[in-house]
Amino acid sequence: MQIKDRILDVSRELFINFGLKSVSMDIICQRLGISKKTLYSEIDSKDALIDQVIFHGFKEQNDKICDIQQSSKDAIEEMYNIRALIIDKMQYVTPALLFDLKNYYPEKWKQVMKQRESYIYQLLKDNIQRGQSEGLYRDCDVELVIRFYYQLMILTSDSSTYQNEKMSISIVI
């Protein structure tokens with residue numbers, strides 16, 4: 001594994017566990033067993049590191065979703081498997097991580113939300129069109145269905161929605 005990939009993987013793990021604000025470049029170097037000089041030869045700043053960790057996470061998830069789309073026998077199986085992937089990934093998104101991103105890096109938060117919204121929109125649109133062409137989904141107002149499903153995803157990804165209940169996210173979605 002290349003040093004940059006190791007930096008991104010370890011940083012992501014630390015950000016998930018402790019939040020963005022609490023993790024310093026010193027802590028990352030300590031965890032990796034490298035000097036700050038080595039770290040800064042690969043990454044310009046903590047801000048750039050956060051950008052790269054986010055981009056790396058999006059790319060990794062996109063690659064997995066593309067694999068699911070190609071290997072699924074139909075639109076229903078595709079959506080079911082994508083749902084399972086999202087549920088799995090959601091357990092790694094901690095409140096501390098979201099809080100830090102939203103409050104200390106508001107521009108990055110807006111960018112992530114905008115990218116997520118446009119990606120999910122296209123993903124849902126493609127799935128609905130596939131399902132309709134396969135005769136599995138009825139003709140419908142695609143825009144309305146996408147908006148409804150997207151809002152449902154947002155609602156269920158907010159842990160405060162079901163926090164008082166003893167339910168797992170897989171039951172809620």
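A salt bridge is counted here when a side-chain nitrogen of Lys or Arg lies within 4 Å of a carboxyl oxygen of Asp or Glu. By that criterion, the structure, which is a predicted model, holds 11 salt bridges. Before turning to individual pairs, a word on confidence is helpful. The mean pLDDT of the protein is 89, and 90% of the residues reach at least 70. Confidence peaks in helix α2 (residues 25–32), with a mean of 97, and is lowest in helix α9 (residues 169–172), where the mean is 49.

Helix α7 takes part in two of the pairs described here. The first to consider joins D51 and K108, whose side chains come together with an N to O distance of 2.6 Å. Because D51 belongs to helix α4 (residues 46–71) and K108 to helix α7, this contact ties together parts of the protein that are 57 residues apart in sequence. The two partners sit in contrasting surroundings: D51 is partly exposed, at 34% relative accessible area, while K108 is buried, at 8%.

The other pair involving helix α7 is formed by E78 and R130, with 2.5 Å between N and O. Here E78 is part of helix α5 (residues 75–90) and R130 of helix α7, so the bridge links parts that lie 52 residues apart in sequence. E78 has a relative accessibility of 3%, and therefore counts as buried, the cut-off being under 20%.

A bridge within one helix offers a pleasant counterpoint. K59 pairs with D63, and their closest N and O atoms are 3.0 Å apart. Both residues lie in helix α4, and because they are 4 residues apart, about one helical turn separates them. Each is partly exposed: the relative accessible area is 43% for K59 and 35% for D63. Salt bridges also join into a network, which links D9, R12, E60 and K89.

Attention then moves to open space in the model. Rolling a probe the size of a water molecule over the atoms shows where empty space is left. The second largest pocket contains about 190 Å³ of space. Its lining is made up of M79, L124, N127, I128, Y137, V145, I146 and Y149. Helices α7 (106–133) and α8 (142–157) each contribute at least two of these lining residues. In chemical character, the lining comprises 7 nonpolar residues and 1 polar residue, with no charged residue among them. Helix α7 thus appears in both parts of this account, as a contributor to the pocket lining and as the helix that holds K108 and R130.

Note on methods. Residues numbered from 1 in each chain as written. Predicted model: local features only at pLDDT ≥ 70, side-chain atom pairs only at ≥ 80, totals over all residues. Heavy atoms only, no water. pLDDT = per-residue confidence, 0-100. 1 Å grid on protein atoms, 1.4 Å probe; cavity = no way out; pocket = protein on both sides within 12 Å on 5 of 7 lines; lining within 4 Å. Points joined across faces, edges and corners; volume = space filled by probe spheres on them. Nonpolar A, V, L, I, M, F, W, Y, C, P; charged D, E, K, R; others polar. Buried < 20%, exposed > 50% of the residue type's maximum accessible area, 1.4 Å probe, protein only.
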